[in-house]
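Visitor: I have a protein model open and would like to learn how to read it. Could you take me through a few features, one by one?

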Amino acid sequence: MTVKIYDTREVQEFLNLVSGFEQTGGDTRAKQIMHRLLSDVYQLIDDFDITPEEFWSTVSLLNRLGETGQFGLLAPGLGFDHYLDMRMDAADEQAGLSGGTPRTIEGPLYVAGAPVSEGEVRMDDGSDPDAEVMWLTGQVRDTDGKPVPGAQVEIWHADSRGNYSFFDPSQSDYNLRRTILTDAEGRYRARSIIPSGYGVPPESPTDQVLSALGRHGQRPAHIHYFISAPGHKHLTTQINLAGDPYTFDDFAFATREELVVEGTRIEDPAEAAERGLESPFTEVIFDVELARTTDPELQGRHKRPRALEDTFESSERSTAETEA
């Protein structure tokens with residue numbers, strides 16, 4: 001069946017009706033966006049001669065994505081997260097805000113409220129004795145090379161099986177999640193374990209979509225960062241550990257050349273003892289440059305749903321009101 005009805009007056013009037021253009025209530029921007037979205041989908045149905053079977057199979061898939069909470073997993077796999085980063089990079093360049101360590105995607109696995117330490121911290125709870133010890137360190141500087149003391153460095157990563165605490169109930173609270181305030185030289189230090197990469201759940205709706213595209217759902221070993229300091233632009237980024245087979249084949253498109261970091265294997269007991277470690281271990285060094293800005297909005301991370309963030313923001317507001 002080859003039917004083209006999208007451009008008919010009847011369909012165009014119907015789109016206006018469905019999008020609420022004939023109603024006085026509602027949100028104007030929401031109506032405009034919905035009209036554009038529905039227009040594109042209606043036209044797609046025409047252009048590709050989508051059958052009822054194909055349409056309702058897609059609806060079923062969307063229902064499964066919602067039931068399993070995997071929309072946030074599929075979004076980076078379809079490039080939305082990276083595309084938003086590309087737009088923000090272009091906006092920064094246009095505003096003359098280029099410079100500093102590059103951003104890359106946040107992903108869906110941040111959890112608010114991680115314990116805060118000054119200078120140095122241990123991130124793992126010691127429950128994985130077979131994991132390789134990682135000494136993660138670096139310095140936060142501005143784009144002139146000056147150290148940024150008191151910068152807030154939030155770090156989170158997977159365990160040796162590719163799982164994240166909070167989302168994996170077998171792990172302790174905030175395992176492999178910490179916030180570190182840099183010392184007087186802008187440095188941070190963390191004892192942790194080498195994370196593993198991970199893949200999307202087999203036969204999940206996310207896997208179903210990627211398989212239909214002939215793509216895999218694997219991510220390389222990586223470590224997430226939020227870095228912020230007053231007077232500096234907030235940075236959302238992550239590093240990929242060099243040598244992982246998926247470092248340059250990340251289904252979430254998060255890899256950037258400048259963010260691939262080589263770990264150094266250290267087996268000298270004396271060097272280990274200096275860090276309070278037993279040899280051997282792997283040292284990972286990630287230095288960060290923050291661009292300066294006077295715009296308060298750019299000094300904080302953008303708003304989006306995040307696990308427990310509303311809970312901790314409400315608690316902080318209540319504390320501030322009580323103290324006032």
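Visitor: Let me begin with the strands: in which sense do β4 and strand β5 pair, and over how many bridges?

Guide: Before we start, keep in mind that this is a predicted model. Now to your strands: β4 and β5, the latter being residues 177–181, pair in the antiparallel sense, and five bridges join them. To find the place on screen, look for Trp 156, which stands opposite Arg 177 in β5.

Visitor: How many bridges are there between β4 and strand β9?

Guide: There are six, and this pairing is antiparallel too. Strand β9 covers residues 222–228. Here you can look for His 157, which stands opposite Ile 223 in β9.

Visitor: Why is β4 described as largely enclosed by the rest of the structure?

Guide: The general idea is to ask how much of each residue can still be reached from outside; a residue counts as buried when its relative accessible area is under 20%. Strand β4 runs over residues 152–157, and five of its six residues are buried, so the rest of the structure largely encloses it.

Visitor: Which residue could show me the partly exposed case?

Guide: Try Val 18, whose relative accessible area is 40%. That value lies between the limits of 20% and 50%, so Val 18 is called partly exposed. You will find Val 18 in helix α1, residues 9–18. Together with Phe 14 and Leu 17, Val 18 makes a nonpolar surface patch of about 260 Å².

Visitor: And empty space: how many cavities of 30 Å³ or more does the structure hold?

Guide: Rolling a probe the size of a water molecule over the atoms shows where empty space is left. In this structure there are two cavities of 30 Å³ or more, and the largest has a volume of about 60 Å³. Its lining brings back some names you have met, including Trp 156 and Arg 177. Strands β4 and β5 each supply at least two residues of that lining.

Visitor: What about pockets: how much space lies in the largest pocket?

Guide: About 810 Å³. This pocket is lined by 34 residues, and those closest to its centre are Asp 85, Met 88, Asp 92, Arg 103 and His 234.

Visitor: Which element gives the largest share of that pocket's lining?

Guide: That is α5, with eight residues. Helix α5 spans 80–94, and at least two lining residues each come from α5, β10 (235–241) and β14 (288–290).

Conventions: Residues numbered from 1 in each chain as written. Predicted model: local features only at pLDDT ≥ 70, side-chain atom pairs only at ≥ 80, totals over all residues. Heavy atoms only, no water. Buried < 20%, exposed > 50% of the residue type's maximum accessible area, 1.4 Å probe, protein only. Helix = DSSP H or I, 4+ residues; strand = E, 2+ residues; numbered from the N terminus. Pairing = 2+ DSSP bridges. Patch = residues over 30% accessible without salt bridge, like charges linked within 9 Å, V, L, I, M, F, W, Y side chains within 5 Å. Areas by Shrake-Rupley, 256 points an atom, 1.4 Å probe, with all protein chains shown as cover. Salt bridge = Lys/Arg side-chain N within 4 Å of Asp/Glu carboxyl O. 1 Å grid on protein atoms, 1.4 Å probe; cavity = no way out; pocket = protein on both sides within 12 Å on 5 of 7 lines; lining within 4 Å. Points joined across faces, edges and corners; volume = space filled by probe spheres on them.
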